[in-house]
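Hi there,

Here is the structure I promised to pass on to you. Have a look at it first, and then read on for what turned up in it.

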Amino acid sequence: MSEAVFVKGLTKAYDGKTVVDHLDLSVKIGTVFGLLGANGAGKSTTIECMLGTKQADSGTVRLLGQDPKKKRRTLFQRIGVQFQEGDYQKEIKVSELCEETASLYRNPADWRRLCEQFGIGDKSNTPVKGLSGGERQRLFIVLALIPQPELVFLDELTTGLDAKARRGVWKTLEHLKEQGLTIFLTSHFMDEVEALCDEICILKKGTDVFRGTVAEAKRQSNCTRFEDAYLKLSDEEADV
């Protein structure tokens, strides 16, 4: 198996409105893949259908070679997910939440070490409600990595982090990628995408308008800056 993610013809509509339109994706093992697009482009729906938390109308999805609907229990042990907003009890402490998460997996990572890696090692006894926005974001990344996943989904990876913290997260993820982790991320920070992603897909109204590398996106759009290339390819600049 050379692909961590395989998606063919994925389609999803709500009340007759197509949100994801016959989408094809392929992500190689041990790479970082970025799914980009404006708010409402279909990114979240695509990921939810891929994970099996929403039922697609049509199409095929394979994660680590398996059907996420039929092999949910098996894949749960092999995939990590970090969403932009975590729905956790505000009074629960960081240590309690990490221990509770670790108890769900057969071979969990050392959450204390992960917390240290992501700069929240001194927050173990802090309630989640006492964390800053950036600290909560780093905690959610830690929770996604506790299962020692082969594939991890990261949604708006470094929202709320300052420049130094963002660079620290990037460095840690690059190290994990070198160890074989496949990372599927969404981001509105084009410098982050350019720094991390091996390949990208840009969505517009549920349809992919570009698939390839950052360098290819710049060449195709005749732009020297990737942010300009993204705006041109996604047609967001028309809305500015």
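**A pocket, two sheets and a buried helix**

The second largest pocket has a volume of about 420 Å³. Please keep in mind that this is a predicted model. Which residues lie nearest the centre of that pocket? They are Ala-109, Leu-114, Gln-148, Leu-176 and Gln-179, out of 14 residues that line the pocket. Helix 4 and helix 6 each give at least two residues to this lining, and the largest share, three residues, comes from helix 4.

Helix 4 and helix 6 turn up again around helix 5. The buried residues of helix 5 pack against helix 4 (111-117) and helix 6 (163-178), and also against strand 5 (79-82), helix 3 (94-102) and strand 6 (151-155). Is helix 5 largely enclosed or largely open? Of its 13 residues, 11 are buried, so helix 5 is largely enclosed by the rest of the structure. Among the buried ones are Gly-134, Glu-135, Arg-138, Phe-140 and Leu-145.

You can also check the length of helix 5 yourself. With 1.5 Å a residue, its 13 residues (133-145) should span 18 Å, and the C-alpha atoms at its ends are 19 Å apart, which agrees.

Now for the sheets. One is an open sheet of six strands in the order 5-6-7-3-8-9, with mixed pairing. Its edge strands are strand 5 and strand 9 (207-212), each of which pairs on one side only. From one strand to the next, the twist averages 15°. Inside this sheet, strand 6 and strand 7 (residues 182-186) run parallel and are joined by five bridges; Val-152 stands opposite Ile-183 of strand 7. Helix 8 (residues 214-221) lies across strand 8 (199-204) and strand 9, at about 110° to strand 9.

The other is an open sheet of three strands, in the order 2-1-4 with antiparallel pairing. Why do strand 2 (17-28) and strand 4 (58-63) each have one side without a neighbour in the sheet? Both stand at the edges with a single partner strand, so one side of each is left free of a neighbour there. In this sheet too, the twist averages 15° from one strand to the next. Strand 1 (residues 3-14) and strand 4 run antiparallel, joined by five bridges, and Phe-6 stands opposite Arg-62 in strand 4. Helix 1 (residues 43-51) packs on this sheet, touching strand 1, strand 2 and strand 4, and its direction makes about 115° with that of strand 1.

Enjoy exploring!

Definitions and conventions:
Residues are numbered from 1 along each chain as its sequence is written. This is a predicted model: local features need pLDDT of at least 70, side-chain atom pairs count only at pLDDT 80 or more; totals for chains, interfaces and linings use all residues. Side-chain values use heavy atoms; hydrogens and water are left out. Helices (H or I, at least four residues) and strands (E, at least two) are DSSP runs, numbered from the N terminus. The expected span of a helix is 1.5 Å times one less than its number of residues. Buried means under 20% relative accessible area, exposed over 50%, partly exposed in between (1.4 Å probe, protein chains only). Contact means heavy atoms within 4.5 Å. Two strands pair if DSSP finds at least two bridges between them. Axes are lines fitted to C-alpha atoms, for helices over the stretch in contact, and angles run from 0 to 180 degrees between N-to-C directions. On a 1 Å grid over the protein atoms alone, a cavity is a set of points where a 1.4 Å probe fits but cannot get out, and a pocket is an open set with protein on both sides within 12 Å along at least five of seven lines; lining residues have an atom within 4 Å of a point. Grid points are joined across faces, edges and corners, and a volume is the space filled by probe spheres set on the points.
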